[in-house]
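Hello,

Here is the structure I promised to pass on to you. Please have a look at it first, and then read on for what turned up in it.

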Amino acid sequence: MDWGDLAKQVIALGAPMLGTALGGPLGGVAGEILAKAVGSVTLTPAAVQAALPAVDPTRLAEAEAHWADMIRAEAETQRAAISETQATIRAEIVSDDPLQRWWRPAYALELTVECAALWCVLMHEFWTGDIQTINALVNATALLVTYWGFRFGVLGVYISGRTREKVSALTGQDSPGMVEKLVKAVLVKDGVKKK
């Protein structure tokens with residue numbers, strides 16, 4: 001179902017947040033709220049559009065308020081989850097657990113040694129002219145690319161995480177991620193102040 005066609009009409013009737021939601025990826029959920037507000041028996045955009053001109057403006061305002069409450073509740077949930085994650089990160093940073101301190105540098109060192117070892121094997125085989133081993137390595141290229149793509153991806157996440165840990169240690173708070181920026185934008189738009 002595409003609720004986007006109703007968006008302009010709902011915005012014009014005084015429900016800008018609900019209308020914007022109808023045109024976006026959450027259109028189905030917003031459409032259900034709108035259908036209940038207009039008293040539509042079926043949850044189709046056509047039925048809601050037919051009932052929309054006769055709807056009481058207070059019911060539309062209630063639907064808008066219900067939608068805002070849902071978004072606010074989701075934003076608060078996300079904010080609480082982010083806050084808990086940041087508290088965990090800060091607790092891990094100040095801990096003296098050797099495993100927590102050394103596993104990522106050990107991982108990076110092991111991956112570096114692993115790549116250097118393969119390079120040495122490959123150079124040795126070129127030097128000695130062992131075509132059979134070279135062919136085996138060439139045939140394993142897809143596997144090696146996938147394997148090392150994953151391993152270097154994990155290393156990239158480690159590097160990014162370590163940078164965030166260092167910033168957190170200096171500032172006392174975690175640098176905001178994409179989800180936290182979205183939550184803050186929604187809370188500011190709704191007029192909710194961060195505690």
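Before the first result, one term: two residues are in contact when heavy atoms of theirs lie within 4.5 Å. Taking the contacts in the protein with a separation of 6 or more, 64% are between residues 24 or more positions apart. Please keep in mind throughout that this is a predicted model.

Now the overall picture. The protein has nine helices and zero strands, so if you walk along the sequence you will meet the pattern α-α-α-α-α-α-α-α-α. There are 195 residues, and 26% of them count as buried. The protein exposes about 12,800 Å², with carbon and sulfur atoms supplying 67% of that area.

Next, the salt bridges. How many are there in the structure? The count comes to four, and I will take you through some of them.

A good place to begin is helix H5, which covers residues 57-94. Glu76 and Arg79 both sit in this helix, three residues apart, or about one turn of the helix. They form a salt bridge whose closest N and O atoms are 2.9 Å apart. Glu76 has 27% relative accessibility and therefore counts as partly exposed. Arg79 is partly exposed as well, because its relative accessible area is 21%, and buried would mean under 20%.

Then there is Arg151, which is worth finding in the viewer. Which residues is Arg151 linked with in a network of salt bridges? The partners are Glu110 and Glu114. Between Arg151 and Glu110, the closest N and O atoms are 2.5 Å apart. This pair links distant parts of the chain, with Arg151 in helix H8 (residues 141-171) and Glu110 in helix H6, 41 residues apart. The side chains of Glu114 and Arg151 meet at 3.0 Å, N to O. That pair also links distant parts of the chain: Glu114 belongs to helix H6 and Arg151 to helix H8, and they are 37 residues apart.

Are the members of this network buried or exposed? Arg151 has a relative accessibility of 9%, so this residue counts as buried. Glu114 is buried too. Glu110, at 36% relative accessibility, counts as partly exposed.

Helix H6 comes up again at the surface. This helix spans residues 98-128 and holds Trp119. Together, Trp119, Met123 and Phe126 make a nonpolar surface patch of about 350 Å². Why does Trp119 count as exposed? Its relative accessibility is 54%, and exposed means over 50%.

Last, the aromatic rings. The structure holds one aromatic pair. Its members are Tyr147 and Trp148, with ring centres 6.2 Å apart and planes at 45°. Planes under 30 degrees apart would be stacked and those over 60 edge-to-face, with the rest tilted, so this pair is tilted. As for their surroundings, Tyr147 counts as partly exposed because its relative accessibility is 35%, whereas Trp148, at 16%, counts as buried.

If you would like a route through the model, you could start with the pair in helix H5, go on to the network of Glu110, Glu114 and Arg151, and finish with the rings of Tyr147 and Trp148.

Best wishes

Terms used:
Residues are numbered from 1 along each chain as its sequence is written. This is a predicted model: local features need pLDDT of at least 70, side-chain atom pairs count only at pLDDT 80 or more; totals for chains, interfaces and linings use all residues. Side-chain values use heavy atoms; hydrogens and water are left out. Rings of Phe, Tyr and Trp (its six-membered ring) pair if their centres lie within 6.5 Å; planes under 30 degrees apart count as stacked, over 60 as edge-to-face and the rest as tilted. Buried means under 20% relative accessible area, exposed over 50%, partly exposed in between (1.4 Å probe, protein chains only). Helices (H or I, at least four residues) and strands (E, at least two) are DSSP runs, numbered from the N terminus. Accessible areas come from the Shrake-Rupley method with a 1.4 Å probe; for residues, only the protein chains shown count as cover. Patches are made of residues with over 30% relative accessible area and no salt bridge: like charges are joined within 9 Å, nonpolar side chains (Val, Leu, Ile, Met, Phe, Trp, Tyr) within 5 Å.
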